[in-house]
Structures are given as C-alpha cells and as structure tokens.
Amino acid sequence: MRRQFTDQLDQTITINYPPKRIISVVPSQTELLFELGLNEEVVGLTKFCIHPQQQFKSKTKVGGTKKLNIELIRSLKPDLIIGNKEENTKEDIELLQKEFPVWMSDIFTLEDAMQTITQIAELVDRQPEAAYLNYLINAGFTDLQTLALEQGIDKTVAYLIWKGPYMLAGRNTFINDILVKNGLTNIIKADRYPEIELEELAALKPELVLLSSEPYPFREKHIEELKTAIPGAKVMLVDGEMFSWYGSRLVKAVQYLFQLQKELK
C-alpha cells in the first residue's frame, strides 16, 4: 500500500506502507525506532547511532550524521530514510531526496520531540507503542517541573558543548528547553550554538556551568579550568544524551534529571 506523509519541513513523501527497509541517520531517532520494535526493518544507521548496543553492532553503518556514505545507502535500497534538519547536512539530504523518500524532523522543544515520536510512529505503524512512550515522557517531565518549583531551583546556567573554541547551547535549541524545564535560565541570549571566550563567559557570571559529554568529550580535567576562570560558578560534568537526545531516551533522561536536581538544591 502506498501512503503519503508530510514531514516537519512541510515536505510530502510517498512511501510503501508500512516501510520494510528503513535507514535512520539520527542517533536519537534510531534508538526510537528500535524501541518501537523495528529490529528487522532498520537496515542502516550512522556510526553515532550507538544505542541500543546490540543493534548498533549488527547493522550497516552508512557514515556519520554530517557525512553520509551515499553509495552505501543506495546499495541498501531503503524505502524510507529518517533524518533531522540540524543533525544532517542539506547537501546530503537533498541528494537522497532525489532517489528516496526522506522524512525530516525539526525539533526545538520537548513538545516537538513528543510530536516527532507520534509522527514517526505513524510512518512505521507503531502508534500504540509511541503513545505509551509519550505518556511516560509527559508524566516524567511534569513531575520534574513540579519538583524544580518545590525545591526553588532557579539558577543561571551556561551549557558548554565544545572546546577550541568554546561553544554553548543558546536559545532556540532543544537543550535550552530541557534546561528551562528543570528550573534553569540560560545565561546565553543568542540563538543556536554561539562561540565564546572564557573571559566573556566569566563576565556573564553564571551560577552553574554544565560541561556536556558530547559532542566534545569534556572530562574531570576541564572542571578545574572552568572553576579557575569562573570562580563563583558551580561546574559539573553532565551526560549530553540526557539533554539533547529527543527520542525514547527521554524516558531515561527523567531519572537522570531527578538526580541532577537533587545536586542543585
């Protein structure tokens, strides 16, 4: 059966429904597909789609999110490719769109993420499973917001994602929305992922500095450097997946963020 769907960039695709040969080129969405039970249908993923580990090891790797192996993708003959505007390059996606149905997400908030889970489930005929996931995510984040209010968590925060140069998650990002839902206010007013000098960051006087584990692998050794530069701030390492993966990992993120809130009291 052939069916039409409209993605989050307002592009219409026509696919064989339900699809039997899916390639996902976004780690969090790849994990979602496996969580929805599509172990056989997913035939390709990127080298960064590391969850779940067993499936990651057994599936064909089609390059990285920013540099896809187009010839290898062609050889897999997908009947659906699932990508994301931010994570994949426009050039790769436009090339693939000439030959295959490509469904694209565009996510800025938790609500966007839940809508994406719903829409991907519709694409692959897994609506009940997605509804349950969204129930868990919604309930968990509602509790997180309530707890943040009860505990009076109200801190300014800088969330670093890169070093050399230093880059931060700014406004109009999924990470920013997760910070806000945990009672934190982003010290960065600029959109997306601006660069910054340590002296500039220190002048903003954030109460909290979070060093993400990805895409740059911040480690314990970086904490002292930031503490020296911003002596008034609490500096912590955090699991970047819990702030930036917008698929089924959000269920695991709830428990992680509960623990983080306890440390921020």
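Within helix 4, the side chains of E94 and K90 meet in a salt bridge with an N to O distance of 3.9 Å, a salt bridge being a side-chain nitrogen of Lys or Arg within 4 Å of a carboxyl oxygen of Asp or Glu. E94 and K90 lie four residues apart in this helix, about one turn; helices (H or I, at least four residues) and strands (E, at least two) are DSSP runs, numbered from the N terminus. E94 counts as partly exposed because its relative accessibility is 38%, and K90 counts as exposed because its value is 58%, where buried means under 20% relative accessible area, exposed over 50%, and partly exposed in between (1.4 Å probe, protein chains only).

This is a predicted model, in which local features need pLDDT of at least 70 and side-chain atom pairs count only at pLDDT 80 or more, while totals for chains, interfaces and linings use all residues. Residues are numbered from 1 along each chain as its sequence is written, and side-chain values use heavy atoms, with hydrogens and water left out.

## Salt bridges

The structure holds ten salt bridges, and four of the pairs are set out below.

| Pair | N to O distance |
|---|---|
| E94 and K90 | 3.9 Å |
| E99 and R74 | 2.6 Å |
| E241 and R249 | 3.2 Å |
| R249 and E31 | 2.7 Å |

The side chains of E99 and R74 form a salt bridge that links distant parts of the chain, with E99 in the loop between helix 4 (90–97) and strand 7 (102–105), and R74 in helix 3 (residues 70–76), 25 residues apart. E99 is partly exposed, with a relative accessible area of 41%, and R74 is also partly exposed, at 27%.

The pair of E241 and R249 is set in other surroundings, since E241 counts as buried at 10% relative accessibility and R249 is buried at 8%. Salt bridges that share partners join E31, E241 and R249 into one network.

## Where the two domains meet

The chain is divided into domain 1 (2–106) and domain 2 (151–264), with bounds that come from an automatic or database domain assignment. The C-alpha centres of domain 1 and domain 2 lie 29 Å apart, and the contact between them, meaning heavy atoms within 4.5 Å, takes 13 residues from domain 1 and nine residues from domain 2.

The size of an interface is often given as the accessible area lost when the parts come together. Domain 1 and domain 2 bury about 860 Å² between them, 46% of it on carbon and sulfur atoms, where buried area is the accessible area (1.4 Å probe) that two parts lose on being put together, summed over both. On the side of domain 1, S28, E31 and E86 supply 51% of the area buried against domain 2, more than any other three residues.

Between domain 1 and domain 2 there are two salt bridges, and six residue pairs are in polar contact, with both residues at pLDDT 80 or more. A polar contact is a pair of N or O atoms within 3.5 Å; within protein, one must be able to donate a hydrogen and the other to accept it, and residues adjacent in sequence count only if both atoms are side-chain atoms. Helix 1 (residues 27–35) gives the largest share of the side of domain 1 that touches domain 2, namely six residues. The residues on that side divide into five nonpolar, four polar and four charged, with Ala, Val, Leu, Ile, Met, Phe, Trp, Tyr, Cys and Pro counted as nonpolar, Asp, Glu, Lys and Arg as charged, and the others, Gly among them, as polar.

## Two buried residues

S24 is placed in strand 3 (residues 22–24) and is buried, with a relative accessible area of 0%. Leaving aside neighbours within four places in sequence, S24 is in contact with several residues, among them Q29, T30, L33 and C49. A polar contact of 2.7 Å joins the side chains of S24 and T30, and a polar atom of the S24 side chain lies 3.4 Å from the backbone oxygen of V26. S24 and N84 are 60 residues apart in sequence and 9.6 Å apart in space, C-alpha to C-alpha.

T116 is located in helix 5 (residues 110–124) and counts as buried at 2% relative accessibility. Not counting residues up to four places away in sequence, T116 touches Q8, Q29, W103, S105 and I107.
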